[in-house]
Amino acid sequence: MKRLAATVLSILFLVLPALTGAVAQAQEQPRLRVDLDEVNPRVVATTSTSLAVTGRVTNVGDRKISKLGVRLQLGTRLQTEQQIGDVLAGDKFKDLAATEFVDLVPEALEPGQSAALNLAVPLGQSSKLQFPKTGVYPLLVNVNGTPDFGGPERLAAVTLLMPVLGLPGKAPASRTPSVPSAPSVPSASLLWPIANSTVHVVSAPLGGPLTLADERLADELAPGGRLGSLVAAARAAEADTKVSSSLCLAIDPDLVATVDGMTRGYQVATGGGPVPGKGADTAKNWLGQIKALVAGRCVVTLPFADADLTALAKVRAGDATDTALLADAIGGAATIKNLLGIQPQDGVLWPGGALDAQTVEAIGKAGVKTVLTDSAKLQSESPLSGMVALEGTDLRAQPIDALVTSALNGSESTQNGLGAIAFRAGLGGQSGQGRAQLLIAPPRHWDATRTELTTFLERLGEFYAAGLIKSSPLPDLLGQSPSGTASVNYDPQDLTAATSGEVTAKMSQIDNETLSLSSAMTMDATKRVNPADVIAPVRLALIRAASTSWRGADAATVTGNARGDLDAIRGQVTVERPKQTIALASGASPLPAYITNGLPVGINVRTVLKNNVGLRPTEAVPERTVPANGAVNQLLPVEALRAGRFSVDVALTTPDGTRLGTDARFELTSTEYGAITIIVTITAAGALLLLASRRIYRRIKDSRADPADEPTPRVTEDAQV
């Protein structure tokens, strides 16, 4: 019995934790999803009479949910940055007030079903939601329900930051009671990111068709798409001069170059081969819209393809000081000027991700003067209030408010962003929260609807009009002298999130091969094509491989396009495979090789024999220059080592050994040995004959020797007995 009890207890110890974990996991899985369509008003003022919330509630679980109800819960006024961060992180807060639950229709939802959410709450002195004073408050949209086999509980919630500039139903004590005094009003500038959400280009060879991975970019460019909405909302804001002057477009050169290529027609890669793309007209329309938008406006550049600059600084093509890829990635101002007709801010860059000290030094040498970067990535002994000088460099850094950027992430980004801006402006208690200058930057791949973007800019205009913040053009902000010094804060968390060492190692390998191929190229006198232009697609593909949108992908996927572009270029220089067997006229006949070059540049090649059992070169094969879009015959001095039928592989490389094209297998027949082989064979036969004759001679001599001269055999004692 004791043994049985011990066995049962052991099983329980093993099973219970697993069951507990399974239950916990089941509890963590969401059962409902709330999608808000509208919150009105976005900013509470003295004239606000009601608060309306609309949207949909969807059953995303695996069981029926009944008795669905929704209410609003108001938390206490937020007074610190930590409190704002906790609300954005989804932490619970202390309720200040709450409305009654309102039943949803229908009250029960099967898995996959949805119900409309419509909630309107009066505001005023008799309201269930009373705001004690101006400020920023957390507002929770709380949905309760009862799942089958369970009890009533909160099943979904959305937390919003609600700015309150005035108390509903109460006349202001003065003209602008909630606005800080003029000297302490922070200056605000807004970066408006126009960037790719992912890497779209599969290949874009010189003179060849642009090939995209899919039609997602065309969808984003269309009216109502992500990029179409960003441009349309910014154009709609031009009517408000304060919003318009504070807006600075941050543009990805790779995006503009790709869209420009789409306007001339493009292909889409599919499993069955490339097919014609359908978005050329959409690309033309969007490109025209953004050209009109940028005219006379502030523009700053993003790194090409929003590349991780710290990763690119580690890609070195055989030279520890080489940062050519990094320089290419931050040199997109020329692309923007050529394609959009606007000169971006000189030497100003908004890099993605964190920068280490080595990268900061490298981009400074490459011509960058000012970086726009997350305030959390700068370390200073004093609070950051504006532009700072980066220690040990000639660079300056303009901090981007990390709290506002965090608020502008997520499904309710525009509403929470407005709340964070209002908090920074002084509605949290401390005027400006230590910020004299406020640089607002949404996520680089901001994905909000046109309605949300337009509403955000309209409410920002109301902040300007109310004097809560001052509109400041970014060039004015950047023109100020540094207020202190700081250093880059590159911590272990940044190292974990950065592009992996496996990716940069593969990028370095491809870059080395690209450099070798480029060094073998020569400009053709008639074609007049620069070899650098032929190689450029590979280098751009390498930069795209470092895009921040690739994070988490494996190295082969990340570098696959660059490898494909490189292989496509060197695959155009090859040896043609003979259509029939080559008969060597003699044992030392030369082997004829026909080398073709489909590139618009000349290239120096070296011919190499592989798998050549039965054949060997008699002398070094000289390098040959194959003209652009041309061919040459080359006779390879070889010697047959045996008669009969055999094969040999002929390969091409650059002078320093990088492979070109594919190997060509030559089928050969030979009826003779080469002269050298015959000589070697005769010499070997003569030596063999000489050795054999010597041995025969010694045996005959030994057999004729006198027997008396032979030694007497020794008789052992055993033999005598």
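Ala, Val, Leu, Ile, Met, Phe, Trp, Tyr, Cys and Pro are counted as nonpolar, Asp, Glu, Lys and Arg as charged, and the others, including Gly, as polar. By these classes, the lining of the second largest pocket holds 12 nonpolar, 10 polar and 7 charged residues. The structure is a predicted model. The points below cover its two largest pockets and an open sheet of 3 strands.

**Largest pocket**

- The volume of the largest pocket is about 790 Å³.
- Its lining comprises 36 residues, and Phe304, Ala536, Pro537, Leu540 and Arg544 are the closest to the centre.
- Two or more lining residues come from each of α6 (253–262), α9 (324–329), α10 (333–340), α17 (501–519) and α18 (531–545).
- Helix α18 gives the largest share, with 9 residues.
- The lining of the largest pocket divides into 18 nonpolar, 9 polar and 9 charged residues.

**Second largest pocket**

- The second largest pocket encloses about 660 Å³ of space.
- Of its 29 lining residues, Gly352, Gly353, Asp374, Thr405 and Arg444 lie nearest the centre.
- Strand β17 (370–374) and helices α12 (402–407) and α16 (492–497) each give two or more residues to this lining.

**Three-stranded sheet**

- The strand order is β25-β27-β31, and the pairing is antiparallel.
- β25 (573–575) and β31 (630–636) are the edge strands; each has a single partner, so one side of each lacks a neighbour in the sheet.
- From one strand to the next, the twist averages 20°.
- β27 (residues 591–597) pairs with β31 over 7 bridges, in the antiparallel sense.
- Ala593 lies opposite Gln634 of β31.

Key: Residues numbered from 1 in each chain as written. Predicted model: local features only at pLDDT ≥ 70, side-chain atom pairs only at ≥ 80, totals over all residues. Heavy atoms only, no water. 1 Å grid on protein atoms, 1.4 Å probe; cavity = no way out; pocket = protein on both sides within 12 Å on 5 of 7 lines; lining within 4 Å. Points joined across faces, edges and corners; volume = space filled by probe spheres on them. Helix = DSSP H or I, 4+ residues; strand = E, 2+ residues; numbered from the N terminus. Pairing = 2+ DSSP bridges. Axes fitted to C-alpha atoms, helices over the stretch in contact; angles between N-to-C directions.
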